[in-house]
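Trainee: Got a minute to go through this one with me? I'd like to start with the overall picture and then get into the details.

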Amino acid sequence: MAETTTQQRPLTGWDKPELDLTNAQWQSSSRGRGDVQIAFVEGFIAMRNSASPESPSLIFTPAEWGAFVSGAREGEFDLT
């Protein structure tokens with residue numbers, strides 16, 4: 001069987017930089033009881049799974065973060 005290589009390509013319209021999250025100061029959600037952590041880095045908001053901090057983080061612009069939080073408050077997202 002031949003080996004295949006998948007090359008990742010940036011998403012169309014992706015306008016976010018590769019952020020260095022090495023020294024990010026992560027904050028836990030739900031007063032430390034949640035599964036999500038966020039960090040504010042270079043004008044963006046990074047969100048990661050606190051149980052798997054080595055996993056990729058989601059990166060939001062401030063406008064995207066506002067829409068996400070607003071949707072979550074309205075029940076659009078199940079954060080439990």
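Trainee: How much area does the chain expose, and what share of it do carbon and sulfur atoms supply?

Mentor: The chain exposes about 6800 Å², with carbon and sulfur atoms supplying 49% of it. Those areas come from the Shrake-Rupley method with a 1.4 Å probe, and for residues only the protein chains shown count as cover. Keep in mind that this is a predicted model: local features need pLDDT of at least 70, side-chain atom pairs count only at pLDDT 80 or more, and totals for chains, interfaces and linings use all residues. Residues are numbered from 1 along each chain as its sequence is written, and side-chain values use heavy atoms, leaving out hydrogens and water.

Trainee: In what order do the elements run?

Mentor: From the N terminus on, β-β-β-β-α. Helices (H or I, at least four residues) and strands (E, at least two) are DSSP runs, numbered from the N terminus.

Trainee: OK, the helix. Which residues of H1 are buried?

Mentor: Trp65, Phe68, Gly71 and Ala72. Buried means under 20% relative accessible area, exposed over 50%, and partly exposed is in between (1.4 Å probe, protein chains only). Looking down the axis of H1, the buried residues fall within an arc of 130°, so they line one face of the helix. That arc is taken over the directions from the helix axis to the C-beta atoms.

Trainee: And what do they pack against?

Mentor: Strands E2 (36–41), E3 (44–49) and E4 (58–60). Contact here means heavy atoms within 4.5 Å. The face of H1 turned away from the buried side carries the exposed residues Pro62, Ala63, Ala67 and Arg73.

Trainee: Switching to aromatics: how many pairs are there?

Mentor: The count is 3 aromatic pairs. Rings of Phe, Tyr and Trp (its six-membered ring) pair if their centres lie within 6.5 Å; planes under 30 degrees apart are stacked, over 60 edge-to-face, and the rest tilted. Phe60 and Trp65 have ring centres 5.2 Å apart and planes at 70°, so that pair is edge-to-face. Both Phe60 and Trp65 are buried, and ring pairs link Phe60, Trp65 and Phe68 into a cluster.

Trainee: What about Thr61, buried or exposed?

Mentor: Buried, because its relative accessibility is 18%. Thr61 lies in the loop between E4 and H1. Leaving aside neighbours within four places in sequence, Thr61 is in contact with Lys16, Phe44 and Ile45.

Trainee: Last one: what does glycine 75 do just after H1?

Mentor: Glycine 75 takes a positive phi there, about 90°.
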